[in-house]
Amino acid sequence: MIAAGLCTMGGCFAQDYTSAAVETYWPAHSVCIDNETIVIKSGEEDLTLPFWRYSGLHAGFYAERLSMSDDRALLTFGMWVVQACDYLWIGPATNAIVVYGAGRSQVRNALQKSISSPVDYMRVGVSNCDFTLELPDYTGAATMGELGTSNRKDPFYIRIIGEGKQLDMVAYWWCDDVRRLYFMAQPMASVARTSAIFTHGYNILTEL
């Protein structure tokens with residue numbers, strides 16, 4: 001659920017329609033996502049493709065206790081269309097985790113590592129054209145080939161595609177140092193043990 005939110009002194013307050021605080025959340029190590037997709041922010045013009053050819057674009061995702069029972073994506077940065085351009089796809093293959101990138105001319109690079117589910121942790125890092133995958137027994141890196149141009153304005157969603165998956169999300173972020181845009185999805189928990197994600201950069205509180 002997307003709720004109105006106010007953050008102060010390190011905590012976040014979910015508010016009802018009268019602006020009364022109905023729950024208080026504090027930073028947590030992680031939040032559990034169990035077989036559901038979390039859409040933090042729908043595609044809008046202020047979140048454009050992150051893989052343009054210049055320095056200053058960074059992104060990352062970190063999850064623990066990850067298990068996946070289908071082949072749908074877990075996370076995508078960029079647009080996934082028929083003629084895919086400027087995207088990074090993170091998700092499962094048959095008994096494996098794949099990080100898969102494509103540029104404007106369909107130049108593709110992939111990192112793939114066989115796994116036994118569940119996986120203790122998975123880290124994905126992006127720095128401009130380069131991306132990495134880190135698992136308990138594996139570290140790999142690859143570089144995107146040819147990228148699109150900064151004239152494209154296709155927006156992308158801030159979301160975690162959780163159907164067929166269980167995971168503890170620890171970190172999820174994207175930063176454009178050139179245009180001074182960013183988001184950072186921070187895990188939150190309440191005293192009553194309910195969970196939420198507060199997205200810095202857009203001040204969105206998403207209750208789980």
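Helices (H or I, at least four residues) and strands (E, at least two) are DSSP runs, numbered from the N terminus. In this convention, Asn-203 is found in the loop between β17 and β18. The structure is a predicted model, in which local features need pLDDT of at least 70 and side-chain atom pairs count only at pLDDT 80 or more, while totals for chains, interfaces and linings use all residues. Residues are numbered from 1 along each chain as its sequence is written, and side-chain values use heavy atoms, with hydrogens and water left out.

**Exercise 1. Confidence**

Task: Determine which strand has the lowest mean pLDDT and which the highest, and state where the pLDDT stays under 50.

Solution. Begin with the score itself: pLDDT is the predictor's confidence in each residue, from 0 to 100. The chain averages 77, and 69% of the residues score at least 70. Among the elements of the chain, the lowest mean, 47, belongs to strand β1 (residues 2-8), and the highest, 95, to strand β4 (residues 31-34). Next come the weak stretches: over residues 1-6 the pLDDT stays under 50, and the model has 22 contacts (heavy atoms within 4.5 Å) for them beyond four places in sequence. Residues 80-84 also have pLDDT below 50, with 5 contacts in the model beyond near neighbours in sequence. Where pLDDT is low, the predicted coordinates should not be read in detail.

**Exercise 2. Two hairpins**

Task: Describe how β16, β17 and β18 are joined, and find which residues in the turns take a positive phi.

Solution. The criterion is that two strands pair if DSSP finds at least two bridges between them. Strand β16 (residues 181-190) meets strand β17 (residues 195-200) in the antiparallel sense, over 6 bridges, and within this pairing Met-188 has Ala-196 of β17 as its bridge partner. The hairpin of β16 and β17 has 4 residues between the strands. There Arg-193, in the loop between β16 and β17, has a positive phi of about 75 degrees although it is not a glycine.

Moving on along the chain, β17 is joined to strand β18 (residues 204-207) by 4 bridges, and these two strands run antiparallel. Thr-199 stands opposite Ile-204 in β18. This hairpin has 3 residues between its strands, and Gly-201 in the turn has a positive phi of about 100 degrees. Asn-203, a residue other than glycine, likewise has a positive phi, near 50 degrees. For background, most residues other than glycine have a negative phi.

The last step concerns accessibility, for which buried means under 20% relative accessible area, exposed over 50%, and partly exposed in between (1.4 Å probe, protein chains only). Arg-193 is exposed at 77%, and Asn-203 is exposed at 56%.

**Exercise 3. The surroundings of Ser-190**

Task: Decide whether Ser-190 is buried or exposed, and list what Ser-190 touches.

Solution. Ser-190 has its place in strand β16. Its relative accessible area is 9%, so Ser-190 is buried. Leaving aside residues up to four places away in sequence, Ser-190 touches Glu-23, Thr-24 and Tyr-25. The C-alpha atoms of Ser-190 and Pro-27 are separated by 8.8 Å, although these residues are 163 residues apart along the chain. Finally, the side chains of Ser-190 and Thr-194 are joined by a polar contact of 2.6 Å; such a contact is a pair of N or O atoms within 3.5 Å, where within protein one must be able to donate a hydrogen and the other to accept it, and residues adjacent in sequence count only if both atoms are side-chain atoms.

**Exercise 4. Salt bridges**

Task: How many salt bridges does a search of the whole structure find, and which parts of the chain does the pair of Asp-168 and Arg-65 tie together?

Solution. A salt bridge is a side-chain nitrogen of Lys or Arg within 4 Å of a carboxyl oxygen of Asp or Glu. The search of the whole structure finds 3. In one of them, Asp-168 pairs with Arg-65, the closest N and O atoms being 2.6 Å apart. Asp-168 lies in strand β15 (residues 165-176) and Arg-65 in strand β6 (residues 57-68), so this pair ties together parts that are 103 residues apart in sequence. Asp-168 counts as buried, at 11% relative accessibility.

In another, Arg-123 and Glu-134 have their closest N and O atoms 3.2 Å apart. Arg-123 is in strand β11 (residues 119-127) and Glu-134 in strand β12, 11 residues apart. Arg-123 is partly exposed at 33%, and Glu-134 counts as partly exposed at 28%.
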